[in-house]
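Subject: The structure I promised you

Hi,

Here is the structure we talked about, with my notes below it. Have it open while you read, and look up each spot as you get to it.

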Amino acid sequence: MISKIQSHLKNTPYEELQQFHINHLAAVGLSTHNVQLLHTIGITYKDLDSFKLAEFLKRTNQESRESTYHRIMQAYQQLEALFSKEIQPLAKPSEYDLEFSQELEKETLLEHYLDTLAPAEKFTEQELLEAIPLLVKEDISFFLKYDLLFKEGLWYRKKYKNLDVYINTLTQLKHFEVLEGRLAGKTLQELANEHNVTRQSISNREKTFLNKIPFTEEEARYKEFFENFFISKELFCDLFDEPATIFEFLTLRLKKGDGDLLQKINDYPFTPKQKSAILRYNKGIITHKNEIVPLTKLAVFEDVLFIHGKNTTSDELIFTKYNEHILKNNYDTALAEKPSELRGLHERSIYALQDKSHNYRYFDFELLNENDIDQLKDMLYLPNGIYSMHKIFNDYRDFLISINIQNGYELHNLYRRFIPVKNVTYTRMPEFSVGHIDKFDFILHLFHEQAPIHIDHFLDYVYDMYGLKKTSLRSFIQSELFEYIDDDLIKVQYVPLSDQELDYLKRLIDADIHTIEEIVAIGSRDYSDFADRFINNMMLNKIGYSIRSQFILTNDYRSVERYFTDLILSKDYFINERLPVHRTQSFSKVIYDLEKELKIFKIEHDTYITLPKLESVGITTDHIVDFQQQVKFASEDFEYFTLDMLKAKGFTHPLLELGFESIFYDRILWADPEFQAVTLNAGYIFIIQQEDVTLSIFLKWLINHYDSIEAYDLMNEIKQTYHLEIELSKIIALLQNTDIYYSPELMKFYSDKNVYFDEVYN
């Protein structure tokens with residue numbers, strides 16, 4: 001390099017070396033960018049002596065700013081003054097001159113900083129201020145205003161000239177029609193044929209022109225997108241409102257990506273209009289669950305059902321909404337001509353939960369957690385028989401309402417479609433069979449258990465125990481089992497037991513209550529026909545017992561519920577030992593009812609203190625009810641609350657002085673119908689309202705309160721305010737199918753995805 005410079009100096013006339021060149025302006029701080037600009041527009045050093053602003057703007061096609069002109073001229077004047085034969089003292093600068101000089105200095109520093117970056121490299125406001133300490137935030141707004149910087153969300157980058165500025169400087173060059181043709185979409189071969197030259201010749205000319213075009217604003221804006229995704233020219237122009245010329249230029253300049261734009265539609269800050277265009281071109285649809293699926297009638301139906309089918313609806317009611325949704329979104333799919341066309345859709349949809357007849361509503365099975373599903377399965381852990389789902393619904397009404405199941409018909413369809421339970425088959429709605437038993441055999445088995453019995457009493461018994469509708473069961477008996485009816489009495493023939501067999505039965509049934517299942521399991525080891533011969537009211541009455549639902553109960557009690565109630569309340573403390581009779585629906589219902597009636601109070605896991613015991617130490621029901629009322633007054637200023645939260649804010653009550661574990665007090669509030677509770681392993685979150693509440697509803701409410709919140713701030717808020725701990729993984733799982741958006745990169749929750757985009761890109 002030194003040798004070349006020395007050679008050049010030897011061959012340059014001395015007079016020429018004595019003259020200034022525009023390159024010398026760099027010696028007084030003019031940026032390389034502006035020196036190159038002067039070269040590009042054909043300005044020599046001599047021209048600067050009479051160079052006017054109007055001429056500068058004309059030559060740069062109005063693309064450069066007035067401050068750039070002043071910066072160039074100031075550099076010229078400084079250089080002239082520096083080497084003038086008669087150096088004159090500089091006049092004291094005015095306030096305007098100082099301000100303008102400082103502005104130029106800041107712009108110069110910015111240009112030097114930008115020159116150190118790779119093309120389109122991004123930086124944050126903080127990074128820029130740290131790199132150039134002289135700058136303040138207001139300077140950045142100034143740079144944006146005058147197109148020195150470009151802002152994308154939280155990021156900044158250098159602002160470049162648009163492609164058409166460079167194209168205008170090349171129009172007079174030889175073979176410009178090659179570049180023009182390529183930007184019009186012509187192939188190398190087409191241009192080769194037009195110009196009667198080889199394809200390689202056209203390619204070489206194209207490269208020559210591309211080398212003359214510096215990095216453009218369009219490349220800065222679309223390079224990352226273009227190199228990541230495969231996109232057609234039509235869609236590109238539609239998305240970004242750009243002429244086809246830009247797409248063709250990017251195709252020549254960059255390597256086109258192969259990413260699936262449709263699958264990444266929610267990971268890129270597209271506007272709703274852009275998303276709509278992408279979906280239209282790809283014949284896709286973003287569902288109500290923010291999932292991308294092919295545009296089908298079923299997908300449209302499910303979106304309409306989500307919007308208009310939260311309450312029970314039908315094909316007739318939703319028909320108009322279905323067609324309106326298609327028209328509103330300009331979907332490329334046929335309208336439904338009549339409501340009956342929707343029947344096939346609602347029967348195939350996994351979100352259409354059937355009710356009776358052809359009514360249905362929206363229900364998302366995926367919102368049920370593992371505990372919910374386990375409890376649903378446990379609810380059908382029943383002795384063999386035919387049951388009505390209405391009974392299951394009534395027995396577990398509170399739980400089922402909490403998971404948004406509204407009646408037995410819906411429950412029947414929920415099981416049938418989503419929850420396979422071993423040994424259970426679903427027959428004509430709302431009935432189901434446990435043990436795959438036939439209805440005829442089951443009713444006949446009950447005849448042998450209960451006979452002799454009046455048919456009305458039998459119907460009452462079956463309704464109470466199994467939930468089967470009386471009118472339809474009477475019709476079934478009269479048509480299928482009429483030979484067992486004699487003057488409205490149900491009668492069967494029994495094989496009598498010997499005295500030895502009766503003694504065996506007495507030894508086997510040695511407690512007040514047993515489940516039929518456990519007794520049959522033991523007796524069948526010795527008698528293969530034990531269930532048919534031994535387990536019926538005729539034989540059991542001889543030893544002082546009767547069949548009550550799934551139990552064999554002493555005749556001292558007329559109902560299982562009465563027996564369990566007396567058993568529990570007869571003690572100061574009742575401990576659920578999880579015996580077979582305790583692992584039944586009837587026992588669980590008694591415990592539930594006694595808690596709700598404030599007759600027993602949970603103090604530990606499976607341990608309860610009874611009201612008589614509390615009364616013996618002066619604690620009455622009035623004290624309990626007063627505690628509930630005082631909590632209502634103390635919580636008036638809070639939507640959600642925990643008892644620990646109220647205590648931390650000063651709430652006191654004499655009941656708290658008993659010193660029981662927190663579960664005692666939480667369950668007292670849970671028993672009040674005005675409170676709705678979110679049950680956690682660590683405690684309860686309460687709200688006073690009629691509607692049921694879940695943990696996901698509480699979390700959504702909390703996040704919406706902040707609009708956006710970091711994950712650990714959310715967990716800390718729950719811990720500090722509500723004195724509870726919830727694992728992050730559980731929060732994410734509960735909210736994954738809701739409007740709440742979680743960014744794993746930022747570890748932050750947002751009330752919806754638009755809030756996320758607003759924060760990240762604005």
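Let's begin with Gln189, which you'll find in helix α11 (residues 188-195). Keep in mind from the start that this is a predicted model. Is Gln189 buried, exposed or partly exposed? Its relative accessible area is 39%, so Gln189 counts as partly exposed. Now look for Ser203: it is 14 residues from Gln189 in sequence, and the two C-alpha atoms are 9.5 Å apart in space.

Next, try Leu25, in the loop between α2 (14-17) and α3 (32-40). With a relative accessibility of 0%, Leu25 counts as buried. Which residues is Leu25 in contact with, once you set aside its neighbours within four places in sequence? They are Leu30, Leu38, Tyr45, Leu48, Ala75, Tyr76 and Leu79. Tyr484 is another story: 459 residues separate it from Leu25 in sequence, and their C-alpha atoms are 118 Å apart.

**Salt bridges**

How many salt bridges does the structure hold? There are 36. Here are some to click on.

One of them joins Asp332 to Lys283, with 3.2 Å between the closest N and O atoms. Asp332 sits in the loop between α18 (315-328) and α19 (343-348), while Lys283 is in the loop between α16 (272-282) and β4 (284-286), so this pair ties together parts that lie 49 residues apart in sequence. Both Asp332 and Lys283 are exposed.

Then go to Glu431 and Lys439, whose side chains also meet in a salt bridge, at 3.2 Å from N to O. Are these two buried or exposed? Both Glu431 and Lys439 are buried.

A third one to view is Asp460 with Lys470, where the closest N and O atoms are 2.6 Å apart. This pair links distant parts of the chain: Asp460 belongs to helix α25 (residues 455-466) and Lys470 to helix α26 (residues 470-480), ten residues apart. Asp460 has a relative accessible area of 30%, so it is partly exposed. Lys470 comes out at 35%, so it counts as partly exposed too.

Salt bridges can also join up into a network, as they do for Lys122, Glu152, Arg157, Glu217, Arg221 and Glu224. Try selecting that whole group at once.

**Aromatic rings**

The structure holds 57 aromatic pairs. Take Phe306 and Tyr362: their ring centres are 5.2 Å apart and their planes stand at 75°, so the pair is edge-to-face. Here too, distant parts of the chain are linked, with Phe306 in helix α17 (residues 297-308) and Tyr362 in strand β7 (residues 360-362), 56 residues apart. Phe306 is partly exposed, at 28% relative accessibility, whereas Tyr362 is buried, at 8%.

Phe641 and Phe675 make another edge-to-face pair, with 6.1 Å from centre to centre and 70° between the planes. Phe641 lies in the loop between α34 (621-634) and α35 (643-648), and Phe675 in strand β20 (residues 675-680), so you are again looking at a link between distant parts of the chain, 34 residues apart. Both rings belong to buried residues: Phe641 has a relative accessible area of 0%, and Phe675 has 5%.

For a bigger group, select Tyr222, Phe225, Phe226, Phe229, Phe236, Phe240 and Phe247, which form one aromatic cluster.

**Charges over rings**

Go back to Phe306 for a moment. What sits over its ring? It's the charged end of Lys310, 4.2 Å from the ring centre. You can see something similar at Trp670, where Arg667 lies over the face of the ring at 3.9 Å from its centre.

**Two helices that cross**

Last stop: α34 and helix α36 (residues 662-671). Their axes come within 10 Å and cross at roughly 80°. That makes the two helices, α34 and α36, roughly perpendicular to each other. Which residues make the contact? On the α34 side they are Ile624, Phe627, Gln628 and Val631, and on the α36 side Tyr665, Ile668, Leu669 and Ala671.

Have fun clicking around!

Terms used:
Residues numbered from 1 in each chain as written. Heavy atoms only, no water. Salt bridge = Lys/Arg side-chain N within 4 Å of Asp/Glu carboxyl O. Helix = DSSP H or I, 4+ residues; strand = E, 2+ residues; numbered from the N terminus. Buried < 20%, exposed > 50% of the residue type's maximum accessible area, 1.4 Å probe, protein only. Phe/Tyr/Trp six-rings, centres within 6.5 Å; stacked < 30°, edge-to-face > 60°. Lys NZ or Arg CZ within 6 Å of the ring centre and 35° of its normal. Axes fitted to C-alpha atoms, helices over the stretch in contact; angles between N-to-C directions. Parallel < 35°, antiparallel > 145°, perpendicular 65-115°, else oblique. Contact = heavy atoms within 4.5 Å.
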